[in-house]
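User: I have a model open and some questions about it. Can you take me through it?

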Amino acid sequence: MGKLEGPLTEQLAEVDAFGFTATGGGLVTTPRPYDAQIATIFSSGGQGGAHFISATTGLVTGGGLTAGAPIAAFCNDRSDRLLLIKRIEVNLVLPTSVTTAQLVGGDLVFVREGNGYGGTNVLSGLVTNSQKKRSSHSTTAAKLNMATTTNISPPSDVVREMGPFLGFRFWELATGATVPHGRGSMVWDARNPGSYPIVLESKGSSPNPVRSGIELQNAVAMTASGTQRWTVTIEWEFTNEQVWQRGQRGLF
Amino acid sequence: MGVIEGGISGNVAEVDGAFAALHVTERPQSAKGQGGSYRIAATSGLVTGASLDATPDPIFSWRWGSSTKFCLVRYLDVQLVLPTSVTAAQEIGGDIIYARTFTASDSGGTALTLTGANAKKKTGHNTSAVTDARIATTTDLTAGTRTLDSQPFAAFRDWELATAATVPHQLKRMTFDARNPGLYPIVLQQDTGFIVRNTLAMTASGTQRWVVTVEWDEYLTAEYLG
C-alpha cells in the first residue's frame, strides 16, 4: 500500500471513491500538455517550444496549375530537433471562378527530404517571440514556404511518399452562377494525447540530408481563368529526441 | 509490488482486468487559490464597411497585464456574418494574431465587463484579472501600443456575393481549440494578448457582425508548471 506525494507541494494524490469496481476507484489526475520546453534535465538541453501559425497565399492563378503542383511546404530544418505536428488545417476558396465548372481539390503528402522549396518562407525573419504560444519558449526550427501567385518549386532532390495522407475535393460552378463560391477544407488532428502526432525528423547533412516535412498540393489541374486562395494553419511543438523518448518510452 | 491509496480517503486505485490499465478519473487543472476558470461570448455592433480598409483592422482586443498570474486561453471561436451585403461581390477575410509587449491597451468600441462574478464558470472563483478586453461597435478599434507577431495563428478567407444574390449569407469562422490536454494552450504572460482583425478592405455598402467566444483559465505563475 502506498501513497503518491508531490515533491514540491507534499500534496497526496487522491483516489476517486466512485470508481469502476466495488473494491477500487480511479486515481484522480489532471492531464497537462506535453512539455516540450524542458531545458536542463538532459545534457543536450530540451529548449523546445509550442508554436502555431496561419499563413495565406496570394491569389494563385489557374494558368499552369497542374495536378500535384506544390502550394505550400512545411519541414524541420534543424538536425538536433524533432517537430511534432499536432494539427493541420487547410482551407481553399476561389475568389475568381472558373469559366467552366470543374472539380477542385488539395492533397497533403509526406516528404522525407524536403528542404529548399521556393516561395516565401513565412517563418523567416520573424519579430521577437513570434508564433510562440508562450513568449519564453525557444524560437522554432521549422520552415513554412507558401505560394504567392504561382505554385512553389520543390527541391531537386525531393523524396515524396507515393500517396497523400489527407485530401479533399469539391465541385466549383462556373462564373455565371450566383451561388456562393465553393470552399474546400481538410483537417488533420492529433491534439488528443492518444493520437500519435506527425514526427518530423531532421538528420544528417549534405550530400545526404534528411529534412522531413509535408507538402500541400493542388490536386486537380485548374483552368487558366480561375484563381485560388489557400490558408494553411499548423500547430506544432519541437523538442529533442531525448525528451521525446522520455515522454514516449516504449512507443518510439 | 504495491497499491496506490488515496491520500485522504484511503480508497485504493484499481487496475483493469482486461487491459491491465490503471483506472484514473481526469479532472480539470485546479484553479484554487487566486485563480479561476472563465468563458465569455461578445458580439460586435454593426461594423460599417466604410471603416474597414486594407490595413488589418482590430475588431476584438484582449490584453493580459498581471505579473503574478498566467492566462491560459483554452478555446477561441470567431464568427462573422455580413447582415448587409456588399454591392459588388468581393473577397473578405479575418485573422487572430498574438500581441506582445503591450504598453497601452487598444481603445474604442465596447469594453467587456469582467468585474465581480462575470464570466466565471464557478461563482467561488476569483474575479478575472484580464486587463482589457473590448469589441468593436460601428467602427474598428483604435490600436494601442503593442508588438504583433509576424504571422497570425488563425485566419480565414471567403467570397461574399453581392446584394442581389438570393442565397443565404455565409457564416465565416475560425477556431483555436486547446481544451484537449494533448495540445499546448496559449499561455499569456504579463502584457501579452491577442487581436481579432478584419484583414481585407470592405466596400462601404456592407456591414459586419462579429461574435467572439473566449474560454480561459487563470493561475498563479507558481501553480502552472508548463
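User: How much space lies in the largest pocket?
Analyst: About 1,000 Å³. This is a predicted model, where local features need pLDDT of at least 70, side-chain atom pairs count only at pLDDT 80 or more, and totals for chains, interfaces and linings use all residues. Residues are numbered from 1 along each chain as its sequence is written, chains are lettered from A in the order in which they are written, and side-chain values use heavy atoms, with hydrogens and water left out.

User: What counts as a pocket?
Analyst: On a 1 Å grid over the protein atoms alone, a pocket is an open set of points where a 1.4 Å probe fits, with protein on both sides within 12 Å along at least five of seven lines; lining residues have an atom within 4 Å of a point. The volume is the space filled by probe spheres set on the points, which are joined across faces, edges and corners.

User: Which residues lie nearest its centre?
Analyst: A:T9, A:Q11, A:T30, A:R32 and B:S30, out of 23 lining the largest pocket.

User: Switching to the interface. How many residues are in contact?
Analyst: 62 of chain A with 55 of chain B (heavy atoms within 4.5 Å).

User: And salt bridges between the chains, how many?
Analyst: Two, counting a side-chain nitrogen of Lys or Arg within 4 Å of a carboxyl oxygen of Asp or Glu. One of them joins the side chains of A:R229 and B:E91, at 2.6 Å, N to O.

User: How many disulfides over all chains?
Analyst: Zero, taking a pair of cysteine sulfur atoms within 2.5 Å as a disulfide.

User: Is B:C71 buried or exposed?
Analyst: B:C71 is buried (under 20% relative accessible area, 1.4 Å probe, protein chains only), because its value is 0%. A:C75 also counts as buried, at 4%.

Notes
Buried means under 20% relative accessible area, exposed over 50%, partly exposed in between (1.4 Å probe, protein chains only).
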